[in-house]
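Hi everyone, thanks for coming. Please take a look at the model on the screen, and I'll walk you through a few places in it.

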Amino acid sequence: MKLYQIAIIAAAVLLMGLIILPVFNRWQFKRLPADQQVLAIMKQAKRLVFWKNISSGRTGNLFYVKNKRKILVYPWVLSRDGKMVITKENPFDRWDYPEEKAPLDEDEIKQAREELYRFSEKSAVKILFNDPFKQEQAKQKP
């Protein structure tokens with residue numbers, strides 16, 4: 001085998017492994033049903049708090065995984081000024097996974113709010129959402 005043939009084979013293998021397979025995997029992941037996406041995201045979670053954003057154009061879902069067991073899904077749309085606007089009325093009402101959809105207790109709500117604010121600060125795109133607990137705190141102040 002000549003040197004240029006080896007170089008062509010090596011370039012094809014690198015192209016396949018670095019570009020084509022990851023693009024195919026992302027495309028295939030987006031086509032999975034929602035419950036399969038949730039299970040795959042739970043396996044990807046490396047820390048106690050894990051974020052995964054899956055977008056498809058101007059819409060998408062932001063997944064918040066807590067302790068590799070509970071998931072909150074924040075559906076969002078991109079506004080005209082380039083901010084992610086979460087369309088869920090109350091983003092902290094119930095867990096989306098597990099299937100029982102248990103309500104969040106006060107500590108979980110506080111942690112989820114803090115994590116969402118922290119993720120928004122780190123994110124390149126500003127995240128806007130309806131925070132009902134912030135409005136209640138403003139009403140309580142004289």
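Let's start with E108, which is buried, with a relative accessible area of 11%. By buried I mean under 20% relative accessible area, while exposed is over 50% and partly exposed is in between, using a 1.4 Å probe and protein chains only. You'll find E108 in helix α3, residues 106-122. Helices (H or I, at least four residues) and strands (E, at least two) are DSSP runs, numbered from the N terminus. Which residues is E108 in contact with, leaving aside its neighbours within four places in sequence? They are K66, K70, W95 and P103, where contact means heavy atoms within 4.5 Å.

A quick word on what we're looking at. This is a predicted model, so local features need pLDDT of at least 70 and side-chain atom pairs count only at pLDDT 80 or more, whereas totals for chains, interfaces and linings use all residues. Residues are numbered from 1 along each chain as its sequence is written, and side-chain values use heavy atoms, with hydrogens and water left out.

pLDDT is the predictor's confidence in each residue, from 0 to 100. The protein averages 86, and 94% of the residues score at least 70. Among the elements, strand β4 (residues 84-86) has the highest mean pLDDT, 93, and helix α4 (residues 132-140) has the lowest, 57. Over residues 138-142 the pLDDT drops below 50, and this stretch has 0 contacts in the model beyond near neighbours in sequence.

Now for the sheet. It is open, with 5 strands in the order β1-β2-β3-β4-β5 and mixed pairing. Why do β1 (49-56) and β5 (127-128) each have one side without a neighbour in the sheet? Both stand at the edges with a single partner strand, so one side of each is left free of a neighbour there. Two strands pair if DSSP finds at least two bridges between them.

Follow β1 to strand β2 (residues 59-66): they run antiparallel, joined by 8 bridges. Along that pairing, V49 stands opposite K66, K52 has F63 as its bridge partner, and S55 stands opposite G60. The hairpin of these two strands has 2 residues between them, and G57 takes a positive phi near 80 degrees.

On we go from β2 to strand β3 (residues 70-78), again antiparallel and joined by 8 bridges. Here Y64 has L72 as its bridge partner. This hairpin has 3 residues between the strands, and N67 in the turn has a positive phi of about 55 degrees. As for cover, β2 is mostly covered, with 6 of its 8 residues buried.

Let's finish on the surface. L14, L15, M16, L18, I19, I20, L21 and V23 make a nonpolar surface patch of about 740 Å². One of them, L21, sits in helix α1 (residues 3-30) and is partly exposed, with a relative accessible area of 39%. Accessible areas come from the Shrake-Rupley method with a 1.4 Å probe, and for residues only the protein chains shown count as cover. Patches are made of residues with over 30% relative accessible area and no salt bridge; like charges are joined within 9 Å, and nonpolar side chains (Val, Leu, Ile, Met, Phe, Trp, Tyr) within 5 Å. A salt bridge is a side-chain nitrogen of Lys or Arg within 4 Å of a carboxyl oxygen of Asp or Glu.
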